[in-house]
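Q: I am new to this structure. Please take a close look at the empty space inside the protein, and at the place where the ligand sits.

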Amino acid sequence: MSFSVHPITPTFAAEIGDLDLSAPLGEAEFAALDDAFNTYSVLVFPDQRLDDDAQMAFSARFGPLETTIQKLRKGVKLRVGPKFADVSNLDADNEILAEDSERRHFNSGNRLWHTDSSFRILPAKCSLLYARSIPPTGGQTEFADLRAAYDALPAAMKARLEGLVAEHSITESRAKIGYDQFTEGEIEALPRAPQVVVRTHPGSQRRTLYLASHAARIFGMDDGDGKALLAELIAHATQRQFLYSHRWRANDLVVWDDRCTMHRGLPFDDLRYKRDMRRTTVEDVAPTCEQEGIPAEQFAAAE
Ligand code: OGA
Ligand code: MN
């Protein structure tokens with residue numbers, strides 16, 4: 001193995017040194033990296049020089065890339081290609097988004113604890129976020145270890161969560177921050193998605209919680225009870241001992257496992273400083289119910 005692994009905790013988050021991701025990795029080297037990814041969930045690659053093509057090429061080693069939901073928005077000029085989620089505070093001309101801009105409002109949903117694309121029927125396997133430029137202060141990204149959070153649950157709670165399925169929805173999670181600008185086309189293209197509440201992480205065979213701001217209710221449970229349980233689980237999983245807070249340096253690439261973590265962006269002075277972050281997102285292999293052997297037909301989208 002030609003790179004070095006520097007764990008931040010014994011089981012969560014590691015920095016990878018001595019590796020240049022702009023050149024293609026060999027099979028054995030990628031396999032070793034994939035092992036580290038399955039062990040630590042969050043990998044930090046400092047001091048990379050990645051153009052968009054190089055970021056896409058490295059990302060595609062993990063699997064097929066998602067297309068951004070911003071593509072569904074007709075007539076909107078994208079700053080970056082369709083395989084990127086534009087996590088920046090910049091418009092198509094690289095100017096800072098105005099305080100009342102629609103995209104600024106939408107992106108502020110990233111301040112809620114979530115995992116990427118759990119509102120899609122086929123959710124994300126992992127995300128790769130590259131920092132082209134960062135603000136001088138603020139704008140950290142926090143990560144929560146949902147395998148450790150699961151391990152720490154009382155046995156009775158683990159038993160209670162077995163087989164539960166939550167309904168995830170981007171319109172509901174954005175409604176939490178007062179965003180309601182979805183077009184008819186977007187609503188149609190983004191149906192609510194059933195996702196298991198606990199799952200087995202394929203790369204490690206460890207059980208994990210699967211939670212996000214997008215989780216709106218639990219099937220078969222009173223609406224209030226389901227929402228309260230989801231809120232309790234998110235509060236449990238985001239206790240200090242389960243967190244890694246990433247303080248960005250320009251040219252960091254951070255890869256996280258969406259199957260067993262949550263993350264959120266911390267605020268910064270976004271009307272003053274540019275933060276140019278671009279995310280590629282890799283699709284999971286199958287819907288989570290299918291992976292857990294739970295027939296999903298019974299969870300038709302609620303009205
Ligand atoms: C993301 C995200 C948070 C941040 O890229 O998926 O939620 O700190 N980002 O920008
Ligand atoms: Mn995100």
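A: Start with the largest cavity, which holds about 320 Å³ of space. The model is a predicted one. Rolling a probe the size of a water molecule over the atoms shows where empty space is left.

What lines the largest cavity? Its lining has 25 residues. I69, A85, F106, R174 and R279 are the ones nearest its centre. Four elements each give two or more residues to this lining: β4 (85-86), α3 (102-107), α6 (170-175) and β15 (276-283). Which of the elements gives the most? That is α3, with three residues. By class, the lining counts 10 polar, eight charged and seven nonpolar residues.

How many cavities are there? Searching the whole structure for cavities of 30 Å³ or more turns up two. The second largest has about 50 Å³ of space. Its lining is made by I69, Q70, L72, R73, E102, F106, Y179, F182, E186 and L190. Here six residues are nonpolar, three are charged and one is polar. Two names come back from the earlier list. I69 and F106 line the second largest cavity, and both are also among the residues nearest the centre of the largest cavity.

Now turn to ligand 1. The space it takes is the largest pocket. Which residues are around ligand 1? They are V87, N110, H114, D116, L129, T141, W256, H263, G265, R275 and R279. This shell divides into five polar, three charged and three nonpolar residues.

Three side chains of the shell deserve a closer look. In R279, a side-chain N or O atom is 2.6 Å from an oxygen atom of ligand 1. H114 has a polar side-chain atom 3.1 Å from a ligand oxygen. For D116, the distance from a polar side-chain atom to an oxygen of ligand 1 is 3.1 Å. How much of ligand 1 does the protein bury? Alone, ligand 1 exposes 290 Å², and the protein buries 98% of that.

One residue links the two parts of this tour. R279 belongs to the shell around ligand 1. R279 is also one of the residues nearest the centre of the largest cavity. To follow this in the structure, find R279 beside ligand 1. Then look for I69, A85, F106 and R174, which with R279 lie nearest the centre of the largest cavity. From I69 and F106, go on to the second largest cavity, which both of them line.

Methods:
Residues numbered from 1 in each chain as written. Chains lettered and ligands numbered in written order. Predicted model: local features only at pLDDT ≥ 70, side-chain atom pairs only at ≥ 80, totals over all residues. Heavy atoms only, no water. Near = heavy atom within 4 Å. Polar contact = N/O pair within 3.5 Å; in protein donor to acceptor, adjacent residues only side chain to side chain. Areas by Shrake-Rupley, 256 points an atom, 1.4 Å probe, with all protein chains shown as cover. 1 Å grid on protein atoms, 1.4 Å probe; cavity = no way out; pocket = protein on both sides within 12 Å on 5 of 7 lines; lining within 4 Å. Sits in = over half its atoms within 2 Å of the grid points. Nonpolar A, V, L, I, M, F, W, Y, C, P; charged D, E, K, R; others polar. Points joined across faces, edges and corners; volume = space filled by probe spheres on them.
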